[in-house]
Number of protein chains: 2
Amino acid sequence: MAPPSHCHINANNGVHHNSGGGVPAETETEPPLMQGSRHLDAEEFRRQGHQVVDFIADYYASMGDYPVHPNVTPGFLRRQLPVDPPSHPEPGAFAAALRDVRDLILPGMTHWQSPRHFAHFPASSSTVGALGEALAAGINAVPFTWAASPAATELEMVVVDWLGKALHLPERLLFRGGGGGTLLGTSCEAILCALVAARERKLAEIGSRRIGDLVVYCSDQTHFAFRKAARIAGFHRDSCREVPTCRGDMFALSPAELRATMEADVDAGLVPLFVCATIGTTQTTAVDPIRELCAVAAAHGAWVHVDAAYAGSALVCPEFRHVTDGAEAVDSFSMNAHKWLLANNDCCALWVRRPSLLTAALGTEQEYILKDTAAEGHDVVDYKDWSMTLTRRFRALKLWLVLRCHGVEGLRGHIGAHVRMAASFESMVRDDARFEVVVPRQFALVCFRLLSPEKFGGEKTANELNRRLLEEVNATVSGPYMSSANVGGVYMLRCAIGSTLTEERHVHEAWKVVQNRAASLLRKMEIIYNVLA
Amino acid sequence: MAPPSHCHINANNGVHHNSGGGVPAETETEPPLMQGSRHLDAEEFRRQGHQVVDFIADYYASMGDYPVHPNVTPGFLRRQLPVDPPSHPEPGAFAAALRDVRDLILPGMTHWQSPRHFAHFPASSSTVGALGEALAAGINAVPFTWAASPAATELEMVVVDWLGKALHLPERLLFRGGGGGTLLGTSCEAILCALVAARERKLAEIGSRRIGDLVVYCSDQTHFAFRKAARIAGFHRDSCREVPTCRGDMFALSPAELRATMEADVDAGLVPLFVCATIGTTQTTAVDPIRELCAVAAAHGAWVHVDAAYAGSALVCPEFRHVTDGAEAVDSFSMNAHKWLLANNDCCALWVRRPSLLTAALGTEQEYILKDTAAEGHDVVDYKDWSMTLTRRFRALKLWLVLRCHGVEGLRGHIGAHVRMAASFESMVRDDARFEVVVPRQFALVCFRLLSPEKFGGEKTANELNRRLLEEVNATVSGPYMSSANVGGVYMLRCAIGSTLTEERHVHEAWKVVQNRAASLLRKMEIIYNVLA
């Protein structure tokens with residue numbers, strides 16, 4: 001596939017109906033519209049499926065040539081697509097649609113798989129992860145109960161235990177240790193499920209109408225997913241305590257602060273319910289001290305959930321195992337295998353110590369749900385009772401393929417390579433006196449900033465300077481794409497290394513771009529300074 | 001692919017390490033474990049991707065030969081898989097894994113794509129639906145904001161308008177009419193989002209601490225998804241009114257009953273918040289009268305959501321348009337395109353009349369979320385603020401492919417064919433005096449039962465008789481797979497026609513099996529009766 005020669009796509013209205021030059025040969029041979037069961041015809045699937053595989057392979061092969069982020073303005077694509085759906089497909093609709101994906105859609109995408117994508121956190125992709133999704137989509141089962149697809153349910157039970165083992169999680173969170181896990185879409189769902197389970201347990205103890213007395217806790221660095229979950233679960237905004245963190249603690253949640261906050265709430269007649277601790281916060285990958293936080297929470301019978309959305313993947317490496325010290329006391333733990341463990345979006349694993357609390361809060365029984373005689377009398381898992389949704393996808397297949405085809409050692413190698421690249425980036429930043437590493441790197445995210453020379457206003461102008469720097473870096477043709485954080489009033493650039501295609505050279509090139517843009521920016525400021533002086 | 005010759009799979013422990021007979025040729029040529037960026041190598045993807053496409057195509061080709069539901073007992077698969085993940089992949093891991101999918105996993109699945117799958121509701125699959133999923137998984141973007149993947153966000157905006165138009169929804173629910181839609185995973189999520197938006201709006205009016213005074217309404221036929229959503233959203237069980245329905249009303253929610261219930265609540269100082277109406281209930285596809293329910297709700301400022309999870313797909317046919325009469329007054333509307341519209345699991349569309357209410361309840365703003373300069377000053381949609389989750393998949397691509405490659409007329413043909421088959425099944429039931437159609441068919445679900453002869457106890461034994469009948473039907477080798485409902489104390493069989501591969505002959509064969517099993521059952525009862533008499 002040829003990458004676009006420029007990022008702005010051409011306006012060509014009525015794309016449904018154009019069949020001009022460059023029409024692939026397959027258009028002519030595409031059979032006419034199918035009816036009935038032909039919508040899932042094996043040979044048609046084979047023919048079009050091979051086209052799709054080649055399309056994706058071509059995309060991967062040319063990935064490095066795309067700008068990571070497109071230069072488009074809102075409405076660019078809407079304006080080019082018909083207002084109404086087609087009544088009838090145009091001839092060769094599938095091939096035409098693939099062409100539009102190539103010519104209209106891909107040029108307007110942010111390419112998360114680009115080796116130069118360093119923004120946010122990675123959306124980790126792999127051949128087996130993508131093909132696991134494809135395989136599950138092809139099988140298209142709905143494993144909401146054991147009976148609704150026994151193998152899908154059992155594979156999920158096996159693979160969450162495998163993953164937990166690979167990540168060195170405490171046995172008590174695994175099925176083999178009396179706990180258990182499930183695969184959801186996102187950490188938002190995982191946190192919400194845990195929170196609702198905790199809420200229902202506590203309300204059963206203290207009285208079911210006392211939701212207004214419950215208090216939940218996090219730090220000012222906890223991902224918004226937690227506050228969103230708390231809001232959805234019916235907690236008043238005032239019932240969510242965000243314990244302030246500081247740079248001296250590397251922005252980790254302080255057990256002493258948590259204890260003081262909880263005690264003040266208890267003194268006020270309120271009931272501590274839930275602590276959301278994080279291993280690897282979104283802004284700076286801070287690690288909250290799990291053991292100490294659990295001890296504080298235990299004094300009040302509060303549930304502790306660990307959100308390891310990003311850094312959970314790193315736990316596959318023994319050298320990071322210490323960050324889960326004390327995790328045998330947590331009530332629940334979640335991580336996104338789609339972020340950094342080659343498992344493609346989406347794949348969030350949630351483990352709980354007491355699955356019965358989850359199913360008590362989220363379970364259902366209705367007559368129309370088919371009882372399977374084989375399942376009767378057995379303690380089967382019906383995953384519909386483990387999450388917010390009833391319908392679910394067969395995510396276990398993908399994760400099983402990833403673990404099986406890479407092995408734990410393969411995943412360690414994958415994570416280790418990124419960590420080494422990040423260490424390399426970090427040391428390049430440290431070696432340049434114009435820059436500062438704002439927070440020591442823990443995993444594969446480097447938080448850094450350009451220092452503002454004293455004569456330009458020092459700290460006062462630093463944030464603005466770095467905002468400009470990020471803009472210029474991201475606007476560089478064939479350059480890296482990064483994002484930012486603002487912690488404790490300090491604006492910084494985030495370079496998150498984790499794209500599967502990223503190699504050492506991309507990291508070096510990225511740093512060169514940052515240095516060059518910084519030099520240019522400082523030169524411009526010098527000129528302005530001299531003019532004004 | 002050869003289907004399994006029997007449903008019980010062979011116990012062959014340590015499946016990771018077997019590489020005995022029948023190893024496909026590709027094993028020998030599979031290159032050794034890749035490192036780093038090789039995990040997403042274009043040529044490796046191409047090679048393995050073609051294997052997966054052929055695997056799925058072979059599965060479709062042999063689908064009719066699988067028993068719909070496997071004859072397995074709990075633990076059958078867990079016992080055959082290693083307890084721990086592999087440290088290193090075995091040689092030819094990918095090919096070996098595919099063999100295990102074929103030999104261990106598929107024989108333990110319920111085959112939702114079987115032409116003889118008539119249970120629950122369909123999980124509608126199509127070539128373009130499955131390949132749309134594959135394509136999105138290959139691209140693997142995370143379109144949580146416009147900037148995070150502009151084309152993905154805009155395609156979603158276009159395609160929800162297309163779908164709404166195709167389903168004859170009121171313009172005010174579409175972007176073009178001032179509303180707007182989004183693609184979520186399931187109806188559970190859609191209902192929860194709408195409920196939280198309604199709750200936040202109402203609490204802003206009446207006082208943010210009054211969640212305990214709010215009341216939500218549904219019928220005794222409303223899907224459990226609603227009660228689950230209400231529970232998650234912090235509503236007390238006593239705050240959910242399930243209005244009883246009756247057979248005379250075809251189990252629809254009665255506006256008069258709703259009005260009386262709401263007025264009683266208001267008299268008790270409570271605040272009506274939310275009505276969940278259904279078009280096509282899960283048990284019998286009852287249709288609640290939207291216009292009248294909206295009028296009742298409007299008197300109390302209550303939000304009306306329409307859950308058309310299943311029957312929403314049928315709205316593509318003009319002959320069903322009347323079931324949405326009055327929908328211009330609803331606040332939100334959702335349907336699952338993955339149920340019956342060829343869009344593969346998962347794909348739930350949610351439309352709201354006032355998107356600002358959704359984003360006010362679910363929105364977030366944080367510094368680390370990259371602002372795109374191109375988006376500044378534009379009224380862009382950031383879909384993370386439209387749902388419970390931040391991370392999301394690029395579902396729009398699949399739905400766009402489905403609409404484009406089938407066209408609205410193609411989808412009408414698809415739905416129409418199933419409706420005709422269901423009508424055919426229904427008339428066969430009616431033509432057999434031993435049976436009864438319990439509720440007149442509305443879409444493509446037939447609810448029926450075997451009448452219990454008076455001498456066997458009539459009504460008193462009818463439920464047990466039909467339970468036995470369903471068990472025997474589902475246990476028939478190469479037979480259909482159906483589910484049941486229990487409404488108003490009447491147990492009935494459900495024959496939901498909607499599998500893409502189902503043809504008229506499968507429906508006729510299914511009916512023959514039901515007749516034969518019923519005849520056999522009645523004979524057995526006759527013998528027992530005579531012995532006892």
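Q: How many Å apart do the C-alpha centres of domain 1 and domain 2 of chain A lie?
A: In this predicted model, the C-alpha centres of domain 1 of chain A and domain 2 of chain A lie 37 Å apart.

Q: And which residues belong to which domain there?
A: The domain assignment of chain A gives residues 1-110 to domain 1, while domain 2 is made up of the segments 112-124, 173-361 and 409-533.

Q: How many residues does each of them put into the contact?
A: Seven residues come from domain 1 of chain A, and nine residues come from domain 2 of chain A.

Q: What area is buried between those two domains, and what part of it do carbon and sulfur atoms give?
A: About 750 Å² is buried between domain 1 of chain A and domain 2 of chain A, and carbon and sulfur atoms give 67% of that area.

Q: Which three residues of domain 1 supply more of its buried area than any other three?
A: Those are Met63(A), Val68(A) and Thr110(A), which together supply 63% of the area that domain 1 of chain A buries against domain 2 of chain A.

Q: What about salt bridges and polar contacts between the domains, how many are there?
A: The rule finds zero salt bridges across the interface of domain 1 of chain A and domain 2 of chain A, although it does find four residue pairs in polar contact there, both residues being at pLDDT 80 or more. By class, the side of domain 1 of chain A that touches domain 2 of chain A has three nonpolar residues, three polar ones and one charged.

Q: Switching to the chains, how much area do A and B bury between them?
A: Chain A and chain B bury about 15000 Å² between them, with 64% of it on carbon and sulfur atoms, and the contact takes 177 residues from chain A and 177 residues from chain B.

Q: How many salt bridges cross that interface?
A: The rule finds 14 salt bridges across the interface of chain A and chain B. In one salt bridge, the side chains of Asp100(B) and Arg404(A) meet at 2.7 Å, N to O.

Q: Which element gives the largest share of chain A's side?
A: Helix H2 (residues 42-61) of chain A does, with 17 residues on the side that touches chain B. The residues of that side of chain A divide into 89 nonpolar, 53 polar and 35 charged.

Q: One last thing, is Glu44(B) buried or exposed?
A: Glu44(B), which lies in helix H2 (residues 42-61) of chain B, counts as buried because its relative accessibility is 6%, and the cut-off for buried is under 20%.

Terms used
Residues numbered from 1 in each chain as written. Chains lettered and ligands numbered in written order. Predicted model: local features only at pLDDT ≥ 70, side-chain atom pairs only at ≥ 80, totals over all residues. Heavy atoms only, no water. Domains from an automatic or database assignment. Contact = heavy atoms within 4.5 Å. Buried area = accessible area lost by both parts, 1.4 Å probe. Salt bridge = Lys/Arg side-chain N within 4 Å of Asp/Glu carboxyl O. Polar contact = N/O pair within 3.5 Å; in protein donor to acceptor, adjacent residues only side chain to side chain. Nonpolar A, V, L, I, M, F, W, Y, C, P; charged D, E, K, R; others polar. Helix = DSSP H or I, 4+ residues; strand = E, 2+ residues; numbered from the N terminus. Buried < 20%, exposed > 50% of the residue type's maximum accessible area, 1.4 Å probe, protein only.
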